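Please look at the sequence and the structure shown here, and then follow the paragraphs below with both at hand.

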Amino acid sequence: MQSEATLAEATLEELVSQLASSSVAFGTDNPVNAELGPALEAALADANTDSFDPTGMIVLEHTPPVIADLRDLAQDAAADTGLDTVLVRTPHVAVGISDSLTRAQVERGERAMVSEPDYVAGVHAFADAAESFSVNWPLAVAVIVVGLAAVAAVTAVSAHR
């Protein structure tokens, strides 16, 4: 009987092997893979991934109990394949790692991807969200309020003199 570590390594080896010949790897052999695989490959090719290419995607049928294991899987797959960005998608979770994208960009992409039940649309959502500019509105408002308060304080002190 194989240990859990050996099973995990065998799974990683299989996924890396699939990523060597395709931009998409599947954790299990499922009849929908024949249709989903080419659709995801096309989505990865068509999505705006120029700044974080080459990109690969791993599709798993089940979400593990520890979500951090998915990030580890993505990191290990990227290290073993030389991919810049690796996305891992399960029915309930989307995880990504990237050498080119910031952590904030990856997290925006993950949120956008997981909100799409359609995996192909999720790839486009990840790319669009990761590449989009986002203003941190609470921080911007706080800076404006502090600036206005400083101007008011200076004006009050000047008027008092």
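**A walk through the sheet, the helices and their contacts**

In strand β3, the residue that serves as bridge partner of Val59 is Arg89. This is a predicted model, in which local features need pLDDT of at least 70 and side-chain atom pairs count only at pLDDT 80 or more, while totals for chains, interfaces and linings use all residues. Residues are numbered from 1 along each chain as its sequence is written, and side-chain values use heavy atoms, with hydrogens and water left out.

The contact between Val59 and Arg89 belongs to the pairing of β2 with β3, which is parallel and extends over 5 bridges. Two strands are said to pair if DSSP finds at least two bridges between them, and the strands themselves (E, at least two residues), like the helices (H or I, at least four residues), are DSSP runs numbered from the N terminus. Strands β1 and β2 also run parallel, and they are joined by 3 bridges; here Ala25 has Ile58 in β2 as its bridge partner. Strand β3, which covers residues 85–89, pairs with β4 in the antiparallel sense over 5 bridges, and Leu87 stands opposite Gly96 in β4.

Taken together, these strands form an open sheet of 4 strands in the order β1-β2-β3-β4, with mixed pairing. The edge strands are β1 (24–26) and β4 (94–98), each of which pairs on one side only. Neighbouring strands of this sheet are turned against each other by 15 degrees on average, direction ignored, where the axes are lines fitted to C-alpha atoms (for helices over the stretch in contact) and angles run from 0 to 180 degrees between N-to-C directions.

Which of the residues of β2 are buried on one side, and which on the other? Thr55, Met57 and Val59 lie on one side and Gly56 and Ile58 on the other, and all of them are buried, so that both faces of β2 are covered. In a regular strand the side chains alternate between the two faces of the sheet. The count for β2 is 5 buried residues out of 5, where buried means under 20% relative accessible area, exposed means over 50%, and partly exposed lies in between (1.4 Å probe, protein chains only).

Just before this strand comes the loop between α2 and β2, where Pro54 is found. Asp53 and Pro54 are joined by a cis peptide bond, with omega at about 0 degrees.

The next topic is aromatic contacts. A pair of aromatic rings is described by the distance of the centres and the angle of the planes. Rings of Phe, Tyr and Trp (its six-membered ring) pair if their centres lie within 6.5 Å, and planes under 30 degrees apart count as stacked, over 60 as edge-to-face and the rest as tilted. By this rule the count comes to 1 aromatic pair. The ring centres of Phe52 and Phe126 are 6.0 Å apart and their planes stand at 75 degrees, so this pair is edge-to-face. The two residues are 74 residues apart and link distant parts of the chain, since Phe52 sits in the loop between α2 (33–46) and β2 (55–59), whereas Phe126 sits in helix α5 (residues 119–131). Phe52 is buried, with a relative accessible area of 0%, and Phe126 also counts as buried, at 1%.

Charged side chains form another set of contacts. A salt bridge is a side-chain nitrogen of Lys or Arg within 4 Å of a carboxyl oxygen of Asp or Glu, and by this rule the count comes to 3 salt bridges. In one of them, the side chains of Arg71 and Glu110 meet at 3.2 Å, N to O; Arg71 lies in helix α3 (residues 68–81) and Glu110 in helix α4 (residues 103–114), 39 residues apart, and the pair thus links distant parts of the chain. Arg71 is partly exposed at 31%, whereas Glu110 is buried at 9%. Glu110 also forms a salt bridge with Arg103, with the closest N and O atoms 3.3 Å apart, and Arg103 meets Glu107 in a salt bridge of 3.3 Å, N to O. Glu107 and Arg103 are 4 residues apart in helix α4, so about one helical turn separates them. Arg71, Arg103, Glu107 and Glu110 are thereby linked in a network of salt bridges.
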